Amino acid sequence: MRSCSGIPLFLFVSLFFACQPVKEKTESINPKLLENAFTKYKAPEIDNRRYGYEIIAPLIAKRKDVFETTVLGKSVEGRPINTLTYGEGEKKVLLWSQMHGNESTATMALFDLFNFLEGSADDGFEFIRSAIHKNLLLRFIPMLNPDGAERFVRRNAQQIDLNRDAVRQSTPEGIILKRARDDFEPEFGFNLHDQNRYYNVEGTALPATISFLAPAYNEAREVNAVRSKAMKVIVGMDQLLQQVVPGQVGKYDDSFEPRAFGDNIQKWGTSTILIESGAYPGDREKQYIRQLNFMILLNALYEIATESYNQYTEEAYHDIPENDSKLMDLLIKNVETKAGDYSYLTDIGIKISELFLDSLILMKGNIADWGDLSVYYGHEEIEAKGMELEKGKIWPEVIPFEKLDRARGMDLLKEGYLAVETDKIHKGKVHQLPILVFTEGNTPNLESTLDGSPLFYLKTNGIRKMAIINGHVIPLDSSDNLFFWGIIE
Ligand SMILES: [Zn+2]
């Protein structure tokens, strides 16, 4: 049943009849208990989402003998793809993560889960562990695409999207996954991915922090017993999430994709559940979303072990709202701007991509859309009614990098200079100045254009209120230390 938690009481009364009743009795686990389990068993060796096979290799090697570890085969570049087996039960469950190399959130949660499954019997969680151990036979494939993970890119070393290789079988990784499924013939399968930051829950400004799908197994999107079971397990996970991140769960479109693993594994008779980790405010490294993955996976395994997922209905699955893709990183609404002499109001939608430099994440903004964006939402929004866009200037002289500090940068910014040139030898260096820094030959374009860099001021009554540098908002009338990394261009 879809819970109405998260809705204020006065609304709840009027919405009472619109929502399905909250089931009193549930076998799912108290979220607080799952949070405590995560805190106790989180794998400290992984603390950000960019890691390669060499980080997980020792974590696989150190498993206690409750796990049986096997190398299933090797990636294109020769990295091992492992499987870990746990439990003595009859119900078989296969979980695989990171077939897309830059989708690493669930892999972290799997290592947390391994620690949990090796935990001591007196930790207060033994009822979960023993139910799983007794009833399930679990098989995990963490990091199916280690070559992609190494470069933190989606595809494998052949540039193939493994999730379009379920049938063609052109990749060693795709062959390994199919063989693992065929040899094991699991009753349940968990297909673990990440989705981009721009998915929201349909009709709301809330990000789809977790999205689910019980993939279709044919074009007609029929529901058979296999798919129905996947739907019910998803309902249990949704109910848990509604208690901790209310309104932040979406359901993927179930169009049949004949080349994808999820759809085919469903077709081959394994009840398959897709979990996609999206965005959560202030969690770029997805460490909280990792915790949510741990919680829902553990809850789902427990509900499969105890068969309590049978209490849920297909209807409740259909009631989960759809995913939409209407989020921007920054949405500036109703700003007055000019095209020549023509003044008009526009919204400006900015998306910020990530550039990775060792352990740093550098952000690069891009004007993704321009015009009436009233159907969009922003992770951050500025209502700019009464404000006008002002083009910035470039400081006319070259300033040696040593002479640039944050105070000087702020002074230039307040005077209308968004960019400054520095000595050529510093190109590529990382800085923390609140201004764009460039070298000879790399003069930035300060015209605000679609697909261009977001570099401009917002003014009220002729006074500059804030600067937008590369998608970062810098207030000019406050002493707040806005802190971001830039790179000298
Ligand atoms: Zn994916």
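# A guided tour, starting in the sheet

Select Val71 and Asn82 to begin. Asn82, in strand E2, is the bridge partner of Val71. This is a predicted model, so keep that in mind at every stop.

**Stop 1: the strands around Val71**

Now colour strand E1 (residues 67-74) and strand E2 (residues 80-86). How many bridges pair E1 with E2? Seven bridges do, and the two strands run antiparallel.

Widen the view to the whole sheet. It is an open sheet of eight strands. Step across in this order: E1, E2, E4, E3, E5, E9, E7, E8. The pairing is mixed. Which strands lie at the edges? They are E1 and strand E8 (249-251), and each of them pairs on one side only. Look along the sheet and notice the turn from strand to strand. On average, neighbours are turned by 20 degrees against each other, ignoring direction.

**Stop 2: the zinc ion**

Select the zinc ion, then show His100, Glu103 and His193 as sticks. Which atoms are its protein donors? His100 gives ND1, His193 gives ND1, and Glu103 appears twice with OE. These donors lie 2.0 to 2.7 Å from the zinc ion.

Trace the chain through the donors. Their spacing reads H-x2-E-x89-H. His100 sits in the loop between strand E3 (91-97) and helix H4 (105-117). His193 belongs to strand E5 (residues 188-194). The two histidines are 93 residues apart, so this pair links distant parts of the chain.

Next, check the angles. For four tetrahedral donors, the ideal angle at a metal is 109.5 degrees. Here the four donor atoms subtend angles of 54 to 153 degrees around the zinc ion, which makes the arrangement irregular. To count as tetrahedral, all angles would have to lie between 85 and 135 degrees.

Turn on the surface. Are His100 and His193 buried or exposed? His100 is buried, with a relative accessible area of 2%. His193 is buried too, at 3%. The cut-off for buried is under 20%.

**Stop 3: aromatic rings**

Show every Phe, Tyr and Trp side chain. The structure holds 16 aromatic pairs. Zoom in on Phe67 and Phe114. Their ring centres are 5.2 Å apart and their planes meet at 65 degrees, so the pair is edge-to-face. Planes over 60 degrees apart earn that label. Phe67 is in strand E1 and Phe114 is in helix H4, 47 residues apart. Both Phe67 and Phe114 are buried.

Move on to Phe127 and Tyr302. These rings have their centres 5.8 Å apart and their planes at 85 degrees, so this pair is edge-to-face as well. Where do the two residues lie? Phe127 is in helix H5 (residues 126-135) and Tyr302 is in helix H10 (residues 287-306), so the pair ties together parts 175 residues apart in sequence. Compare their surroundings. Phe127 is partly exposed, with a relative accessible area of 38%. Tyr302 counts as buried, at 11%.

Now select a group of five: Phe38, Tyr41, Phe116, Phe125 and Phe294. They form one aromatic cluster.

**Stop 4: charges over rings**

Stay with Phe116 and add Arg129. Arg129 lies over the face of Phe116, at 5.0 Å from the ring centre. Then jump to Tyr198 and Lys351. The charged end of Lys351 sits over the Tyr198 ring, 4.3 Å from its centre.

**Stop 5: a sheet of three strands**

Select strand E16 (393-398) and strand E19 (436-438), then strand E17 (residues 417-421). They make an open sheet in the order E16-E17-E19, with parallel pairing. E16 and E19 are the edge strands, and each pairs on one side only. Neighbouring strands here are turned by 25 degrees on average, direction ignored.

How many bridges join E17 to E19? Three do, and the strands run parallel. Pick out Ala419: it stands opposite Leu436 in E19.

**Stop 6: two backbone angles**

Finish with Arg221 and Asn334. Arg221 is not a glycine, yet its phi is positive, at about 55 degrees. Find Arg221 in the loop between strand E7 (210-213) and helix H8 (225-244). Arg221 is partly exposed, with a relative accessible area of 40%.

Asn334 also has a positive phi, near 60 degrees, and is a residue other than glycine. Asn334 lies in strand E11 (residues 327-339). Its relative accessible area is 22%, which means partly exposed.

Definitions and conventions:
Residues are numbered from 1 along each chain as its sequence is written. This is a predicted model: local features need pLDDT of at least 70, side-chain atom pairs count only at pLDDT 80 or more; totals for chains, interfaces and linings use all residues. Side-chain values use heavy atoms; hydrogens and water are left out. Donors are N, O and S atoms within 2.8 Å of the metal (3.2 Å for Na, K and Ca); water is not among the atoms, so sites may look incomplete. Four donors count as tetrahedral if all angles lie between 85 and 135 degrees; four count as square planar and six as octahedral if opposite donors are over 155 degrees apart and all others between 65 and 115; anything else is irregular. Helices (H or I, at least four residues) and strands (E, at least two) are DSSP runs, numbered from the N terminus. Buried means under 20% relative accessible area, exposed over 50%, partly exposed in between (1.4 Å probe, protein chains only). Rings of Phe, Tyr and Trp (its six-membered ring) pair if their centres lie within 6.5 Å; planes under 30 degrees apart count as stacked, over 60 as edge-to-face and the rest as tilted. A charge sits over a ring if NZ of Lys or CZ of Arg is within 6 Å of the ring centre and within 35 degrees of the ring normal. Two strands pair if DSSP finds at least two bridges between them. Axes are lines fitted to C-alpha atoms, for helices over the stretch in contact, and angles run from 0 to 180 degrees between N-to-C directions.
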